Protein chains: 2
Amino acid sequence: MTDTMQRIVQARRPDGFPVEEDFRLEEIPLPSPGEGEILVKVTHLSLDPYMRGRMDDVASYAEPQKLDETMGGGAVGEVLESRSDAFAPGDLVLGYFGWASHGVAPAKACRKLDPELPPSTALGVLGMPGFTAWAGLEAYGKLKKGETLAVAAATGPVGSMVGQLAKLKGLRTVGIAGGPEKVGLLTDRFGFDAAIDHRVHGDAKAMRGALAEAAPDGIDVYFENVGGPVLGGVLPLMNLHGRIIVCGMIAWYSGETDETGSIPLQKVWRMALVKRLTIQGLLQTDHTDRFGDFLTEVTPLVKSGQVSYLEDVAEGLENTPKAFFSMLKGGNTGKQVVKL
Amino acid sequence: MTDTMQRIVQARRPDGFPVEEDFRLEEIPLPSPGEGEILVKVTHLSLDPYMRGRMDDVASYAEPQKLDETMGGGAVGEVLESRSDAFAPGDLVLGYFGWASHGVAPAKACRKLDPELPPSTALGVLGMPGFTAWAGLEAYGKLKKGETLAVAAATGPVGSMVGQLAKLKGLRTVGIAGGPEKVGLLTDRFGFDAAIDHRVHGDAKAMRGALAEAAPDGIDVYFENVGGPVLGGVLPLMNLHGRIIVCGMIAWYSGETDETGSIPLQKVWRMALVKRLTIQGLLQTDHTDRFGDFLTEVTPLVKSGQVSYLEDVAEGLENTPKAFFSMLKGGNTGKQVVKL
């Protein structure tokens, strides 16, 4: 066992889209667990779009990332040393260890993993992204058989779960993704009824045309995780009493704007009124009391293959920022993790 | 009994704010009730902001008003002739008789009125506007004691009901209205905890400052019936998990815009996400199955005076358009009716 560890800190606030120089890889002494804590060797760390928001110094639903401290985030690994009765060395564990080779955390802030499943599933399909999808649909989706749901970034860990859960409930599902490979996966692997390539339909008008074909009865539920032209195409197709669950807007995370982003409030308000839409902000941490229900329901679906998932695995802590930038640009297909 | 009646028809589509020339007063033969119908002499007709939307030839939640036909709308009156067992001559009745001195309607489309109450209450506090307020709060308000609610046009039939119902449930209520007379009524007559004059605080920034003082703990529920600078002031003060019930936007009905109306969708989306807001379009016709519950609950409150109401009474069918324009500009204090 070495006596140092590696970590990545945020060196400065990004100016628009983040770049390598906004981060710094450091070697620091390996910490020792205090009473009730465990020391973990990270095997896979999670990359998630919400992290982009934390890199700015603005009020959001999450505290801004502190400069010169370990980049925060979920990770899984193996317990090296335990000062808690709840864990023994060798246990697989999920915790908030961030972009780092090792971490120390209170045992009660960690979750022991099912050894029958690959540990990385605790970062994706059975972790925060999968739970986000499940919790959003449970709390706000009001899914009814025969309705139509649309979701973008639909091969990703949130979008693919949204689509598959809606499909299991008897909805028509329309998935949006970028490029022929992902679009093929939507129907072949994730069972979407229709798939749209946003690279082919690059503006709101073209997207609207493609969606109108894919959703001939209109859209009842839109699970929003991208914003941008996809939203622009979806909005006019929303049905009476439609639900828009606003979970993210990756197209706008770095301050870029576009035609849809400029739609005036007056028009949105009129649409909400005329169609009696429900527009609902979603953050999974509001629903953590239901995480157990989620695992109970979805773990068997994953084990049986009824719910499928994909992972993109980058290798090496030093490649974490690059993998993160790529994910922000849609370079990943499934859940983006980094294997150490 | 005369053998003619008067009515007002829409002569053309308004170009922006409506003017007298958009309407025409006509004398036509008095119709005869068919089997199952009643003939009614109108005593009071209702003027409501939603009518402005119907005057344009655009898809909305209500059919556009047909040109050269009687302007639609609710009215109350006395049955002159009945070909239905449900009504007898002399009965007081509510029906959809529009801007007219008389009307014929199927008996089953009319409602017999409680003779203990002034018939005009069936157009306001115990009619569509009062029900709109009640239904919106019941279905979407999720009112919790100690929270803060804000509403504009707050001496009006919707706003005053919203404020009084919320106050009865233990919320802090903030009312917004135009001019010292109305502002005085908000606290003195309708029991609002705080009252703001939007003429004094005419832009979104000034409104925000006044609201921040009136709602020191932020705003949990905003019942939207105006749009414009009031909305601009409210938005940044919305609390986590706040509810915005979009019932109307009178400031924007004739296509005017302002700074708030131009707030970009991107910013609204971010706010919905960060604060996990619920933005919900409301139309009372979605809730008509609860109208009986509304009457059961609110009629005693009106009779006992626990729920107060105000009416503005214009006189004469020929003055209906003028009274309507005045209402659109906030010239009314309470429910605007026209007495014939």
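Helices (H or I, at least four residues) and strands (E, at least two) are DSSP runs, numbered from the N terminus. On this basis, Gly178(A) lies in the loop between β9 (172-177) and α4 (180-188) of chain A. The model is predicted: local features need pLDDT of at least 70, side-chain atom pairs count only at pLDDT 80 or more, and totals for chains, interfaces and linings use all residues. Residues are numbered from 1 along each chain as its sequence is written, chains are lettered from A and ligands numbered from 1 in the order in which they are written, and side-chain values use heavy atoms, with hydrogens and water left out.

Gly178(A) has a relative accessible area of 7% and is buried. Here buried means under 20% relative accessible area, exposed over 50%, and partly exposed in between (1.4 Å probe, protein chains only). Contact means heavy atoms within 4.5 Å. With neighbours within four places in sequence set aside, Gly178(A) is in contact with Asp197(A), His198(A) and Arg199(A). Its C-alpha atom is separated by 44 Å from that of Ala86(A), 92 residues apart along the chain.

Domain bounds come from an automatic or database domain assignment. For chain A, this assignment gives domain 1 (4-124 + 310-339) and domain 2 (128-285). The C-alpha centres of these two domains of chain A lie 28 Å apart. Domain 1 of chain A gives 20 residues to the contact, and domain 2 of chain A gives 17 residues.

Cavities were then located. Rolling a probe the size of a water molecule over the atoms shows where empty space is left. On a 1 Å grid over the protein atoms alone, a cavity is a set of points where a 1.4 Å probe fits but cannot get out; lining residues have an atom within 4 Å of a point. Grid points are joined across faces, edges and corners, and a volume is the space filled by probe spheres set on the points. Two cavities of 30 Å³ or more are counted.

The largest cavity holds about 110 Å³ of space. From chain A, its lining takes Arg270(A), Leu273(A) and Val274(A). From chain B, the lining includes Pro49(B), Tyr50(B), Gly53(B), Arg54(B), Ser60(B), Tyr61(B), Ala62(B) and Tyr253(B). Two elements, α7 (265-274) of chain A and α1 (50-55) of chain B, give two or more residues each to this lining. Ala, Val, Leu, Ile, Met, Phe, Trp, Tyr, Cys and Pro count as nonpolar, Asp, Glu, Lys and Arg as charged, and the others, Gly among them, as polar. By these classes the lining of the largest cavity has seven nonpolar, two polar and two charged residues.

The second largest cavity holds about 60 Å³ of space. Among its lining residues are Gly124(B), Gly156(B), Met161(B), Ser308(B), Glu311(B) and Lys335(B). Helix α3 (residues 157-168) of chain B gives the most to this lining, with three residues. By class, the lining of the second largest cavity has five nonpolar, four polar and two charged residues. Domain 1 (4-124 + 309-339) and domain 2 (128-285) of chain B both give residues to this lining, so the second largest cavity lies between them.

Ser308(B), in that lining, sits in the loop between α8 (291-304) and β14 (311-315) of chain B. Ser308(B) is buried, with a relative accessible area of 14%. Its side chain makes a polar contact of 2.9 Å with the side chain of Arg189(B). A polar contact is a pair of N or O atoms within 3.5 Å; within protein, one must be able to donate a hydrogen and the other to accept it, and residues adjacent in sequence count only if both atoms are side-chain atoms. Beyond four places in sequence, Ser308(B) touches Gln164(B), Arg189(B) and Phe190(B).

A second serine, Ser84(B), lies in the loop between β4 (75-82) and β5 (92-95) of chain B. Ser84(B) is buried at 15% relative accessibility. A polar atom of its side chain lies 2.9 Å from the backbone nitrogen of Ala86(B).

Backbone angles were also examined. Most residues other than glycine have a negative phi. Arg276(A), not a glycine, has a positive phi of about 50°. Arg276(A) is in the loop between α7 and β13 (278-281) of chain A and is buried at 7% relative accessibility. In chain B, Arg276(B) takes a positive phi of about 50° just after α7(B). Eight of the ten residues of helix α7 (residues 265-274) of chain B are buried, so this helix is largely enclosed by the rest of the structure. His241(B) has a positive phi near 65°. His241(B) is in strand β12 (residues 238-246) of chain B and is partly exposed at 33% relative accessibility.

Definitions and conventions. On a 1 Å grid over the protein atoms alone, a cavity is a set of points where a 1.4 Å probe fits but cannot get out, and a pocket is an open set with protein on both sides within 12 Å along at least five of seven lines; lining residues have an atom within 4 Å of a point.
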